[in-house]
Every structure is written in structure tokens, then in C-alpha cells.
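This report walks through the fold of one protein chain, from its overall make-up to single residues. Please keep the sequence and the structure in view while reading.

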Amino acid sequence: MAPSLCCSRVENAFFSSALFKLKKQQSGVATTARNGSIAWLASSPSTSRARSFSVRAASQSSPAAVAEPEGIKINSVPTKPIEGQKTGTSGLRKKVKVFKEENYLANWIQALFNSLPPEDYKNGLLVLGGDGRYFNIEAAQIIIKIAAGNGVGKILVGKDGILSTPAVSAVIRKRKANGGFIMSASHNPGGPEYDWGIKFNYSSGQPAPESITDKIYGNTLSISDIKTAEIPDTDLSRLGVTKYGSFSVEVVDPVSDYLELMENVFDFELIKFLVSRPEFRFTFDAMHAVTGAYAKPIFVDKLGASADSIMNGVPLEDFGHGHPDPNLTYAKELVDIMYAENGPDFGAASDGDGDRNMVLGKGFFVTPSDSVAIIAANAQETIPYFKSGPKGLARSMPTSGALDRVAEKLNLPFFEVPTGWKFFGNLMDAGKLSVCGEESFGTGSDHIREKDGIWAVLAWLSIIAYRNKDKKPGEKLTSVADVVKEHWATYGRNFFSRYDYEECESEGANKMVEYLRDLITKSKPGDQYGSYVLKFADDFSYTDPVDGSVASKQGVRFVFSDGSRIIFRLSVMQTRQTQGTGSAGATVRVYIEQFEPDVSKHDVDAQTALKPLIGSVSSSSQQVYNLFFYSLPQSGFDVLLLVGFQIWHSPCRS
């Protein structure tokens, strides 16, 4: 039986998340693939040459010529600052219609170049790619011309503008590029009425640090001109180099460098032996997103999976009218297949830009928190890249403590960091970290500086393949569920749930958080909450052990003596029409966790196990204080939490 997807929790699935309902279907975007082949409609040869994308002067002043590289005319186009271009944790994300406003994208790109030291890009190499969503081709032409106008020597761009986020990081590192642009709004919907995004990664392949993104924002407030090259649009549908004087654009295969890296990390022959076994069935859902370009070359051509093992493998501008977020709600088609009576042995999905993942066994869901812990516990034995053992492990603060227990048992350095992949990058560059993850379906390692969906899938296939390498034909195979339950028996199980409340009024959300912050100042170790004894309560702060930078107010935590935790985290207070990556208003996320060492209780449903902590959670979109923790007379958490919500009179979407 498939896990229930109704209400604000997922039954029988070991993970709970109150998520947006599917957004209404987009209209007006053709998404048909011809003859079943991979087709990115916006980037066909005719489309990519149909229009010339240029920067427009924001006043009646004519563009002024500036110092020019050899063979290129550079114009300085007058412009004016545009409000709301503050970069969030994952770049700048807005609705497509916002990015299409006059010079909106061009201003941000020029502000980026104004923020970088000239030696970081002058005559240098930059990488450009994205997830194939609507507006990428138009945006790519704008970025190429501004890069040329600012003295970049060469742009390396994926064919048809396609490069997954992990692939961009891999290409930057392999080609020793100065950095790269990623055109993506991650797991958000795509199409003319939906989302688009842009971010910049540095020479290590990791997202630009706040020191740079803050400068970008400052420069968007004072920008007066845009330097752009007078060059024709580049045909992104054909591989090869196009020269414009001393500037060049090279269109490359989006898969080759990434595939080469994966072959160096994993034992492909071991995985191929598993995938080619007639009794093993595998399904990968690319969700009509960027990993559709990688799935066939890797899983079918290299590893021998059948062609019909790839679902939704054609990348489309609007993701096939879907929401490319690999979780139990939006990947329901895959979930139904995996929970069917004769479901496959292994299933996985990835998101819009290929950096997130979901892993399932037959009738079994692996939580992201368990997934990273199990990969870490098995890495040295099953993945050649880790043959000397991981250097260290890390997780984001809200992610369950399952990984902590692996680090303790393996005597490895362990780090708890704020939400945001950039916090892992410094640790990796310093040689302190190998495997890391977030509860929001992000898993990765130091092979690149981004989370990596296909890497996580290959890691799991490696574990399953290693466990079954000596099994004879017809012998029962070790399953995903077997691996997870064996891990629980060794390390204990961390029951975990997350609840999201989005588009909340900012004022009320802030009041709630301030109330909780005041509450923790009055809390002390040993305080009794029903059967739970408080170990500590705080507002999480992180001091980077590499550069000493401090990130404060990262989430209110109540941690109890038995390892149980309850966490409140307020997302960046932004609207899509003004700044950053947030939804309209505020998003409040509540995380509930309880550790259970007793093997006899590991098969209990997560909601049953967590009931003493969370009680009943309503799914209706009422005021939050009516939604949470209204039946907690035994645990005493109503005193701790419900009062906090009662001062928050702002309706949210759950």
C-alpha cells in the first residue's frame, strides 16, 4: 500500500512534510518530444537563432563605446538600479516575468562583475549552464554578451544551455575555470508564469560566499551602466567553438565531464553487475528535468539498465506541467509504482537542476536523514573514492542526528552547520569533510562543491550491489529495506518529521520567533516537560572553523536528554517580487525528532512514535496556533509551544 499523501503528514513512510499542493498547470508552452528523443524546445537550432537578445538602454541616452577587446565592439548601456535584487542562499529567484523586465537580469549580471576582483574573470574562463527551464536560452545570450563586454576570455556552455548544478561544479573544477553561472530555480515549477533563477559559483565549484553576494546586492543599488558586446547570438545547439575576436564561446556535451567524474568515484562494473541482473528492477524518475539528459547515458548506456527504467526522461521547459521536487508528494507517480504489489526493487528521483534526490525500495521510503547516514556508514567499503575512509561528516542543523551516531562510531570529525550548502564547502576545501547532507533531500560529498542527486543514487546502488555481489542467480537479494533496518539495528533509529507553513504574514511569524527566543533565555537544563527532560535550548549559532565567520539566529532548538529535538526555523523574510529565494511572506518550518535505540520499536510508524512530541497535526489552513500541538496533555509541550503560536495570528498556507 502506498503511503498516504493527504493532510500535512505522510503516513507509513518515515518522513512527514506539509507541502504546497500542486500548482495549477501552466499553459502556452509546447512540451512535446519528437520521436521519444530528448528535446529542449526552446533551444532547437531554429529557436536559439530566432531572436537576438540584447541589453536595452534605460534612458534615451545612446550606448557609449568603451575600451574593446580585439575584434569586438563593447557598448556601455545606461541603466538604473532596480529594487529587490538581493541574493538569497541559493541565488536570485523570481518569476519569469520579473526577469523579463527591462535590464532586470542584465543589471544583476553586471553587478556581479562589478563585485569581483578583475583577476577573477578578466581573460578568464567561465562556465554557463542550467536546468533547461523556460527563459534559459534567452538568458544565456544576455549573460554571454555581458561576459564578453566585461573582458571574459571564454565562456564554456552546455549544449542547448543544459548543465545540471552538480555538473557545473564538476566542470568548473575539471577545467580549472574562474567560476560559473547556473540558470535554475531548483525544484520550483517552470514556465512563463512560474520561476527562474540565477546564481554564481566560484573557482572551487561552490556557491559564491556571502561576502560576494552582499557586494552584488550593494552594486545593484548603485549600478549606472552595463557593458555588453555587440556580437550575434551564439548557436547553442551545435557543439564546438565560436570566436568573436579575442572572445570565444565553446558549446560542450553536458554529460561527458560529469560522467567521467562518476566513473572515477564509483565502481561502475560492480553497479552494472547488479543492474543487469534479471531479478533486479530499477526505476529512475527524472521528472522531465535536467537529469533526463544524464539518465540514459549513465544508467542505460553505461550501467546496462533497460531503457524503460527511465521515467519522464525528456527535459522540458515547464517540466511537463509538473513540480520537479523529488518527494512523496510531487513524485507521486514514482511512489505509486514503488508501492505497487509488484513494484521495482529500487527507485529514485531527482529535481529540476539535479542536486536533490529521493531513494525508495519496494514499498519502502528512505528519509534523507537516514540516507546520508547510511551512505556514510558504508562509503569506505562500497565506494572506491572513499577507500581510505571519509575525512569527516556533516549535516545541516535541522537534519536528524542519525549521521552524528555514524561519526561517533567511526571516530570521525563531525560538523553541524546552518542550512545552506555553502557551509559545507569551506570544510571540504580545508580537507575536513567528505560526506554531508540535508533533510531537504540534498546529499553529497567532496567530489564537487554542490549536493548531487545522481551521485546519491549511484551511492545507494553501490551499497545494494556490494551487499549482493556474492548472491547466486535466483537467491534472494538484500533489499533497500534490509539495508536500512540493519543500519537501525546497529545505530538506532531517529524518527523524524518536518512541517512547513508557507506564505505566512511576516509580522506574526517574527513575533512567534521572538517569543520562542525569549522562552529559551528563561529555560534551563533539567526543566521537565512531561516525560521529557530539557538538555538545552538555544538559537543555533555557527562559527566556521575554517575562516571564523559567524552565522547566528539559525533556528530555535529545544534538545532533550534522550536525544529528542524540536526545532523552529524561520526562512528568509522575502517575497518573490522583492528579493531572494523565499516565497511570499515568511515560511516557518518545524522539525520533530526522537531517537529510539530499541530494535523492537523500529518498525513503528513515525507518526505513532512521535505522537508524544507532536500530538495531532491538522492539515487545514487555519491559524497556526490552532494547527499545532493541540492534544499534548501528557507531554507538556502545549506549555512550551502552543502559547508561542497563540500570539501568532497570521494565516499561512500548509
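## Overall make-up

A residue is called buried when its relative accessible area is under 20%, and exposed when that area is over 50%. By this cut-off, buried residues make up 63% of the 654 residues in the chain, which is here a predicted model.

The secondary structure of the chain comes to 19 helices and 27 strands. Among the contacts in the chain with a separation of 6 or more, 72% are between residues that lie 24 or more positions apart.

## Nonpolar cores

The largest nonpolar core has 78 residues, and within this core Phe299, Leu458 and Trp460 are the residues with the most contacts. Helix 14, which spans residues 453–467, gives eleven residues to the core, the largest share. Apart from this core lies another one, of 51 residues, which includes Leu92, Ile146, Ala147 and Val157.

Which residues does Leu458 touch, not counting those up to four places away in sequence? With that exclusion, Leu458 touches Met262, Phe266, Phe268, Ile271, Ile298, Phe299 and Leu303.

## Helix 11 against helix 15

The axes of helix 11 (residues 368–382) and helix 15 (residues 480–491) come within 11 Å of each other and cross at roughly 80°. Because of this crossing angle, helix 11 counts as roughly perpendicular to helix 15.

On the side of helix 11 the contact is made by Asp370, Ala373, Ile374 and Ala377, while helix 15 brings Val483, Val484, His487, Trp488 and Tyr491. Sorted by class, the contact of helix 11 with helix 15 has seven nonpolar residues, one polar residue and one charged residue.

## A six-stranded sheet

Six strands form an open sheet in the order 20-27-26-25-22-21, with antiparallel pairing. The edges of the sheet are strand 20 (493–504) and strand 21 (528–529), each of which pairs on one side only.

Within the sheet, strand 25 (residues 556–560) and strand 26 (residues 565–570) run antiparallel and are joined by four bridges. In this pair, Val559 stands opposite Arg565 of strand 26.

## Arg565 in strand 26

Is Arg565, whose place is in strand 26, buried or exposed? Arg565 counts as buried, because its relative accessibility is 7%.

Not counting residues up to four places away in sequence, Arg565 touches Arg395, Met397, Pro398, Thr399, Ser400, Gly401, Glu416, Phe558, Val559, Tyr591, Ile592 and Glu593. For one of these residues, Ser400, the C-alpha atom is separated from that of Arg565 by 8.8 Å, although Arg565 and Ser400 are 165 residues apart along the chain.

## Two loop residues with positive phi

Lys176, which is not a glycine, nevertheless has a positive phi of about 55°. Lys176 lies in the loop between helix 5 (165–174) and strand 6 (179–183), and with a relative accessible area of 70% Lys176 is exposed.

For Asn411, too, phi is positive, at about 55°, although Asn411 is not a glycine. The place of Asn411 is in the loop between helix 12 (402–410) and strand 17 (414–417), and Asn411 is exposed, with a relative accessible area of 70%.

Technical notes
Residues numbered from 1 in each chain as written. Predicted model: local features only at pLDDT ≥ 70, side-chain atom pairs only at ≥ 80, totals over all residues. Heavy atoms only, no water. Pairing = 2+ DSSP bridges. Core = buried A, V, L, I, M, F, W, Y, C linked by side-chain atoms within 4.5 Å. Buried < 20%, exposed > 50% of the residue type's maximum accessible area, 1.4 Å probe, protein only. Contact = heavy atoms within 4.5 Å. Axes fitted to C-alpha atoms, helices over the stretch in contact; angles between N-to-C directions. Parallel < 35°, antiparallel > 145°, perpendicular 65-115°, else oblique. Nonpolar A, V, L, I, M, F, W, Y, C, P; charged D, E, K, R; others polar.
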